[in-house]
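The following exercises concern a single protein chain. Each task is followed by a solution in steps.

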Amino acid sequence: MSCRGEGGGPHRPLHCCCATLSDQLNLHLNPLFCWGFCNSYGMHAVHNPGKQASAKSDAAARREKLKAIKADADAELERLDVVAALKQLASQSQAQTAILNKMAALLQKLQKDQLEHNRSSRLQAALANAEASAFKCRMHGSWTTSAAFVREVLLSFMQGYGCYIDNEYVVSEADYYVSGDWEEQGREAFREALVDQIHQLTGMEPGMEEPDTSSTEDRWTIYRDK
């Protein structure tokens with residue numbers, strides 16, 4: 001018994017539900033009936049061995065393709081997770097760096113404040129002891145001691161400023177009154193004695209700055225830090 005092949009091909013043995021039905025019921029089915037029946041209900045493709053093998057192969061290919069797609073998706077998700085974790089670590093690192101920078105700045109400020117406090121304490125103590133190490137000098141045409149001027153300098157230091165030294169200020173040591181420019185020698189000696197006195201009183205050696213030749217100012221300046 002045979003039925004007409006798909007696409008109007010030559011007669012061939014039954015490979016569909018008709019063959020099974022014919023064997024079970026011991027019937028002789030008309031091939032045209034078989035073809036029409038199976039074609040109407042799409043049974044040829046289901047029971048055709050070649051079609052079944054092709055369908056299985058296609059299904060297997062689809063499964064493999066789906067597995068590959070899933071693997072790619074899993075890999076992409078894992079990559080995104082890694083990227084997200086790295087971004088989080090970078091953000092945490094930046095936050096920690098910012099905190100460390102703030103702590104370093106705060107520590108630096110505390111150290112600066114402590115240093116300024118120590119300097120201020122030394123200057124206050126020096127004010128009270130300005131007479132102790134004063135030296136004799138001439139100021140504004142009168143002989144006196146350096147105590148009053150040292151206090152003026154120390155007060156300027158406490159306010160963060162320097163102080164001018166008038167050219168009239170000289171020491172009263174006879175050794176400086178020799179031939180030559182004894183006035184300039186006396187002024188230089190005054191500056192040296194002033195630096196020594198403030199250094200003894202505060203423990204900090206002040207600095208000296210020469211007159212600015214580009215201006216009309218011709219006086220030396222003494223400032224707190226050398």
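**Exercise 1. Sheet topology**

Task: For the open sheet of 3 strands in this predicted model, determine the strand order and identify which strands form the edges.

Solution:
- Step 1. The order within the open sheet is E4-E3-E6, and the pairing is antiparallel.
- Step 2. Strand E4 (142-145) and strand E6 (170-171) each pair on one side only, and these two are the edge strands.
- Step 3. Between strand E3 (residues 136-139) and E4 there are 4 bridges, and the two strands run antiparallel.
- Step 4. Within this pairing, methionine 139 is placed opposite serine 142 in E4.

**Exercise 2. The largest nonpolar core**

Task: State how many residues the largest nonpolar core has, and which element supplies its largest share.

Solution:
- Step 1. The largest nonpolar core comprises 24 residues.
- Step 2. Those with the most contacts inside this core are Phe149, Leu154, Phe190, Leu194, Ile198 and Ile222.
- Step 3. At least two core residues come from each of helix H4 (49-128), E3, helix H5 (147-158), strand E5 (163-165) and helix H6 (182-202).
- Step 4. The largest share, 6 residues, is that of H6.
- Step 5. Isoleucine 222 serves as a local example: setting aside residues up to four places away in sequence, its contacts include Val153, Phe157, Ile165, Leu194, Ile198 and Pro206.

**Exercise 3. The environment of glutamine 197**

Task: Decide whether glutamine 197 is buried or exposed, and specify which polar contacts its side chain makes.

Solution:
- Step 1. Glutamine 197 is located in helix H6.
- Step 2. The relative accessible area of glutamine 197 is 2%. Because buried means under 20%, glutamine 197 is classified as buried.
- Step 3. A polar atom of the glutamine 197 side chain lies 3.0 Å from the backbone oxygen of alanine 130.
- Step 4. The side chains of glutamine 197 and serine 146 are joined by a polar contact of 2.7 Å.
- Step 5. Leaving out residues up to four places away in sequence, glutamine 197 touches Ala130, Ser133, Ala134, Phe135, Ser146 and Val150.

**Exercise 4. Global descriptors**

Task: Report how many helices and strands the chain has, and what percentage of its residues count as buried.

Solution:
- Step 1. The chain contains 6 helices and 8 strands, arranged along the sequence as β-β-α-α-α-α-β-β-α-β-β-α-β-β.
- Step 2. Of its 226 residues, 24% count as buried.
- Step 3. The accessible surface of the chain is about 15500 Å², with 54% belonging to carbon and sulfur atoms.
- Step 4. Among contacts in the chain with a separation of 6 or more, 52% involve residues 24 or more positions apart.

Terms used
Residues are numbered from 1 along each chain as its sequence is written. This is a predicted model: local features need pLDDT of at least 70, side-chain atom pairs count only at pLDDT 80 or more; totals for chains, interfaces and linings use all residues. Side-chain values use heavy atoms; hydrogens and water are left out. Two strands pair if DSSP finds at least two bridges between them. A nonpolar core is a set of buried Ala, Val, Leu, Ile, Met, Phe, Trp, Tyr and Cys residues joined through side-chain atoms within 4.5 Å. Buried means under 20% relative accessible area, exposed over 50%, partly exposed in between (1.4 Å probe, protein chains only). Contact means heavy atoms within 4.5 Å. Accessible areas come from the Shrake-Rupley method with a 1.4 Å probe; for residues, only the protein chains shown count as cover. A polar contact is a pair of N or O atoms within 3.5 Å; within protein, one must be able to donate a hydrogen and the other to accept it, and residues adjacent in sequence count only if both atoms are side-chain atoms.
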